[in-house]
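Biologist: Can you pull up the model for me? I'd like to talk it through.
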Amino acid sequence: MSALESTSTTEQALVGHNPLSANAPTDISVSTRIDYNLRFAKQAVLVIANSTEQYSQLASQYLVSLSNGPSDKNESHFNVAFVSASIKLNDIQIRCRLVEQLFINTLFDPEQSLAVSVLRFAKQQGEAISIVIDHAHALSLQLKYELSQLVHLAKKHNLIINVVLFGLTDAAKQLSSNKSLFKNKIAVIDAASGQVLSLDDKKIHHDEVSSSLTQWQKFSLFLVMLVLAGIVIWGYQLITEDFNKNRSNLSQESIYAKNSDTALSVTKNTDSSAEQIVRQMEKKQKLVTADNIVKVGLALAASAEEINRAILALPVLSQAMQVPANADDVINALAQSSNSLTTAVIPPKGIANKQVKEQGDKKPTEIVKTTTVTQIDNNYYQNQVVVYEHGYVIQLAGFTDKKLWHGFIDKYPTESLFSYQRLLAQQRFIVVTSKVYANKAMAKAALKLLPVSLSIREPWLKDISLVISEINTFKG
């Protein structure tokens with residue numbers, strides 16, 4: 001039975017109820033269910049089974065139905081491409097096999113997303129396309145997303161592009177784990193029952209690993225918690241003891257400080273009184289004539305009687321604070337106070353010149369400008385592709401030397417620059433782009449606002465899906 005004959009049978013058998021509902025009959029064939037989804041739902045289809053023989057047989061039957069051609073002459077002929085996926089084949093090799101089968105003698109970029117390259121060639125040729133892939137569980141998540149996105153975009157451009165995948169249940173589990181990427185873009189069909197499964201179905205939902213602790217493990221964990229609690233209590237006691245000791249020491253120091261402050265206040269009062277006496281003695285010395293100075297032999301020191309009078313003239317603050325001073329102590333205090341008032345500290349000439357020279361030789365301190373180097377973050381683009389399906393970036397530069405890349409980032413600290421790694425000629429190649437814009441129009445507007453120094457480099461726009469494919473080449 002061909003695909004179109006099965007479709008006509010489906011239209012007659014499914015009158016009065018929805019074939020995609022949970023109450024649909026279980027005797028509907030898988031090929032009929034595939035054909036119905038391709039014609040009406042226009043989504044990519046994934047047929048899953050628990051064994052390889054089961055889904056491979058269905059894939060062979062579907063290819064035979066495609067080779068028979070359409071039953072109606074008015075329907076267009078499908079350009080078919082078939083690939084048997086394997087973990088030994090990377091994304092670039094699978095892209096090459098698909099494009100080479102569909103478009104012979106056509107130049108293409110193997111690193112470009114299938115949603116971009118196949119859609120562009122399909123627009124040019126205007127031919128219906130059917131892609132069949134066996135062992136779909138060996139495909140990467142990136143290729144699954146590209147194929148589902150291809151069908152989604154073809155639906156918007158009124159193009160006929162059918163994608164049917166056959167694989168194990170693990171392929172559907174991968175879709176369920178990333179259901180935000182494949183919502184309303186792919187239909188999962190059970191090969192055993194022919195029913196359409198939701199991405200939240202228990203059969204394909206990713207099982208959560210539940211780790212149950214044994215009794216011995218629980219007892220060990222309880223002992224560890226007790227030991228930790230004991231350590232915390234012991235440490236708290238030590239900290240409390242240290243705090244109490246420091247507090248007692250501080251109280252003793254405060255008492256000592258108060259006593260010392262009272263002693264200093266008394267000393268300051270006595271010093272002020274002594275300064276007044278010194279001033280009076282200096283006035284008396286100025287009145288002494290030159291003859292008297294010669295007679296005395298330049299002896300300007302005060303006598304013991306004058307010192308005793310000066311001490312008796314001090315204001316008595318309290319009887320408990322009157323401390324008599326020796327004559328020698330008073331003379332030394334007067335000499336030190338007069339020297340401090342009249343003497344200026346002048347460094348020797350050699351030392352002064354040396355200091356001036358050192359100050360002249362000093363260079364102004366250099367201000368070191370610190371810059372934050374943008375890290376290479378491939379996850380940024382992978383997260384943005386979920387938000388912006390048709391996003392674009394502005395590619396500004398590319399470097400194989402990491403030092404040159406650092407210099408470029410430091411040159412534009414105010415720009416929002418992002419970087420990712422890819423393989424180019426079997427070497428690591430760092431690509432610098434702008435942030436991800438929601439669509440191509442916004443990216444073009446941002447391109448016109450770039451600084452002149454960046455516009456000279458002739459930057460260009462790049463599809464976010466192409467960026468993801470380049471990142472995957474480096475991961476592989």
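Modeller: Here is a walk through the fold, the core, the surface and the salt bridges. Keep in mind that this is a predicted model.

Biologist: Start with the basics. How many helices and strands are in the protein?
Modeller: The secondary structure comes to 18 helices and 10 strands.

Biologist: And what share of the residues counts as buried?
Modeller: Of the 476 residues, 34% count as buried. The protein exposes about 30700 Å². Carbon and sulfur atoms supply 56% of that area.

Biologist: What about contacts between residues at least 6 apart in sequence? What share of them join residues at least 24 apart?
Modeller: That share is 74%.

Biologist: On to the core. Which residues touch the most other members of the largest nonpolar core?
Modeller: Leu46 and Tyr381 do, in a core of 56 residues. Helix H6, residues 141-156, gives the largest share of this core, with 7 residues.

Biologist: What is Tyr381 in contact with, leaving aside its neighbours within four places in sequence?
Modeller: Its contacts include Val393, Phe418, Tyr420 and Val436. Ile464, Val467, Ile468 and Ile471 are also among them. So are Ser419 and Thr433.

Biologist: Back to helix H6. Is Ser148 there buried or exposed?
Modeller: Ser148 is buried, at 1% relative accessible area. Not counting residues up to four places away in sequence, Ser148 touches Ala44, Phe182 and Lys185.

Biologist: New topic, salt bridges. How many are there?
Modeller: The count comes to 7. One of them also involves H6: the side chains of Arg95 and Glu146 meet at 2.8 Å, N to O.

Biologist: Which parts does the Arg95 and Glu146 pair tie together?
Modeller: Arg95 lies in helix H4, residues 91-102, and Glu146 in helix H6, so the pair ties together parts that are 51 residues apart in sequence.

Biologist: Why does Arg95 count as buried?
Modeller: Because its relative accessibility is 2%, and the cut-off for buried is under 20%. Glu146 is buried too, with a relative accessible area of 1%.

Biologist: Got another pair?
Modeller: Asp190 and Lys203 form a salt bridge, with their closest N and O atoms 2.7 Å apart. Asp190 lies in strand E5, residues 186-190. Lys203 is in the loop between strand E6 (196-197) and H9, so this pair ties together parts 13 residues apart in sequence.

Biologist: Buried or exposed, those two?
Modeller: Asp190 is buried, at 8% relative accessible area. Lys203 counts as partly exposed, at 33%.

Biologist: Which residues are linked in a network of salt bridges?
Modeller: Glu111, Arg422, Lys462 and Glu470. Within that network, the side chains of Glu470 and Lys462 meet at 3.0 Å, N to O. Glu470 and Lys462 are both buried.

Biologist: Now the outside. Which residues form a nonpolar patch on the surface?
Modeller: Trp216, Phe219, Phe222, Leu223 and Leu226. Together they have about 570 Å² of accessible area.

Biologist: Where is Leu226 found?
Modeller: In helix H9, residues 215-287.

Biologist: And why does Leu226 count as partly exposed?
Modeller: Because its relative accessibility is 48%. Exposed would need over 50%, and buried under 20%.

Biologist: What is the general tendency for nonpolar side chains?
Modeller: In soluble globular proteins, they tend to be buried together.

Definitions and conventions:
Residues are numbered from 1 along each chain as its sequence is written. This is a predicted model: local features need pLDDT of at least 70, side-chain atom pairs count only at pLDDT 80 or more; totals for chains, interfaces and linings use all residues. Side-chain values use heavy atoms; hydrogens and water are left out. A nonpolar core is a set of buried Ala, Val, Leu, Ile, Met, Phe, Trp, Tyr and Cys residues joined through side-chain atoms within 4.5 Å. Buried means under 20% relative accessible area, exposed over 50%, partly exposed in between (1.4 Å probe, protein chains only). Helices (H or I, at least four residues) and strands (E, at least two) are DSSP runs, numbered from the N terminus. Contact means heavy atoms within 4.5 Å. Accessible areas come from the Shrake-Rupley method with a 1.4 Å probe; for residues, only the protein chains shown count as cover. Patches are made of residues with over 30% relative accessible area and no salt bridge: like charges are joined within 9 Å, nonpolar side chains (Val, Leu, Ile, Met, Phe, Trp, Tyr) within 5 Å. A salt bridge is a side-chain nitrogen of Lys or Arg within 4 Å of a carboxyl oxygen of Asp or Glu.
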